[in-house]
Amino acid sequence: MMSDSNIQPVSLGPYELKSPLFQAALSGYSDYPMRVIAARLGAAYTLCEVMIDRLINQSRQGKQLAMMYCHQDEYPVGGQLMGSEPEEFGPAAQKLVAAGFHVIDINFGCPVKKVMSRCRGGYHLGQPEVALEIISRVRDTVPEQIPVTLKMRRGIDDSPESEENFFRIFEGAYARGLAAITVHGRTVEQKYVGSSKWEFLKRVKQQAGERTVIGSGDLFSPQACLDMLRVTGVDGVSIARGAIGNPWIFQQTERLLRGESITPPDVHEQRAVIADHFALAREFYGEKKVCNTMRKFGIFYSELHPQRKAVRDAFISVKTADQWRDVLQEWYADNAPGCFPPVSEPNPLSLEAVTAADNTVS
């Protein structure tokens with residue numbers, strides 16, 4: 001196990017984050033309520049769900065997108081931009097700064113078909129010149145004290161050309177003043193299938209040296225987060241799908257870093273957090289929209305309950321705030337040990353191949 005000395009702060013421009021545990025940008029999920037809950041349970045830095053630059057630029061004054069909301073108590077929080085045309089990025093970044101975001105993150109990682117067909121996200125990994133122009137426009141536009149960061153995958157595919165493009169963008173981004181780069185260990189072609197190549201993350205961090213690199217991919221358990229930090233040497237981990245409905249993953253990973261044992265939250269601990277999450281969402285979205293918004297979270301929260309299938313079905317059926325409270329009263333009134341959410345076994349390509357190549361890793 002790692003000791004306290006292994007919980008190192010992470011530099012993100014002027015911000016020194018208390019731990020290496022970040023909540024990633026998650027489309028449709030990482031809204032204000034989710035970010036608050038994640039921060040309360042140990043996320044040192046959170047990101048808003050990705051936003052399209054053109055939509056930000058077209059939003060009317062005073063009619064900003066709900067996802068652009070950033071509360072003064074969130075500190076620090078990043079706004080993530082995605083788009084196709086370089087000239088759209090600078091003005092959109094300025095609007096995010098004006099909205100209160102502390103960091104501007106550029107998305108070159110999204111592999112979704114609709115995104116790729118519109119020349120956004122991971123598409124830019126195949127055109128380094130355009131990618132670097134986007135980076136320059138954002139960095140040159142926002143105030144110097146606002147860190148600019150980048151999210152990218154390890155390439156479009158596994159070809160040598162794709163890897164060459166990756167490192168050209170990677171090095172060019174740092175040369176243009178970016179504060180950190182998050183690297184996902186899958187290719188764009190892989191989407192969310194197959195293993196995240198942790199040996200590539202290790203090589204990237206070795207090349208980066210003292211520059212800040214954040215790892216991403218296959219982080220569905222506290223142990224996986226610990227393993228990525230230990231094996232690849234990245235400065236931090238960006239937890240994405242593994243944090244939906246399981247904000248305790250941040251708290252539990254920190255405990256593992258301290259050499260402590262972990263247990264899943266019991267039913268009453270779950271009820272308290274779910275109730276807080278629902279209250280934040282109801283205040284933010286209003287009575288009419290809150291249930292539709294929270295239903296998807298309830299499905300994920302149910303994975304930690306000892307009667308997960310029945311609880312999942314109960315959350316799916318709720319249509320009013322009163323019915324939501326009824327689910328908590330019926331299924332969370334009596335305390336019981338909780339469960340860790342089911343996760344796949346670690347892929348040997350992610351861990352064993354790396355440790356085998358480095359006998360110094362314990």
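The questions below concern a helix pair and the internal cavities of a predicted model.

Reader: At what angle do helix α1 and helix α10 pack?

Author: Helix α1 spans residues 32-40 and helix α10 spans residues 267-285. Their axes lie 8 Å apart, and the crossing is right-handed. The packing angle is about 145°.

Reader: How many residues of the contact of α1 with α10 are nonpolar, polar and charged?

Author: From α1, the residues that meet α10 are Y32, P33, M34, V36, I37 and R40. Their partners in α10 are V273, D276, H277, L280, A281, F284 and Y285. By class, this contact divides into 10 nonpolar, 1 polar and 2 charged.

Reader: Which elements give two or more residues to the lining of the largest cavity?

Author: A search of the whole structure finds 2 cavities of 30 Å³ or more, and the largest holds about 130 Å³ of space. It is lined by 14 residues, with Y45, L47, D105, T182 and S238 the closest to its centre. The lining comprises 8 nonpolar, 4 polar and 2 charged residues. The elements asked for are β4 (45-47), β8 (148-153) and β9 (180-184).

Reader: Where does the second largest cavity lie with respect to domain 1 and domain 2?

Author: This cavity has about 40 Å³ of space, and its lining includes M34, I37, H277, F297 and Y301. Helices α1 and α11 (290-301) each give two or more residues to that lining, which has 7 nonpolar, 2 polar and no charged residues. Because domain 1 (21-258) and domain 2 (267-332) both contribute lining residues, the second largest cavity lies between them.

Conventions
Residues numbered from 1 in each chain as written. Predicted model: local features only at pLDDT ≥ 70, side-chain atom pairs only at ≥ 80, totals over all residues. Heavy atoms only, no water. Axes fitted to C-alpha atoms, helices over the stretch in contact; angles between N-to-C directions. Helix = DSSP H or I, 4+ residues; strand = E, 2+ residues; numbered from the N terminus. Left-handed = near helix turned anticlockwise from the far one by under 90°. Contact = heavy atoms within 4.5 Å. Nonpolar A, V, L, I, M, F, W, Y, C, P; charged D, E, K, R; others polar. 1 Å grid on protein atoms, 1.4 Å probe; cavity = no way out; pocket = protein on both sides within 12 Å on 5 of 7 lines; lining within 4 Å. Points joined across faces, edges and corners; volume = space filled by probe spheres on them. Domains from an automatic or database assignment.
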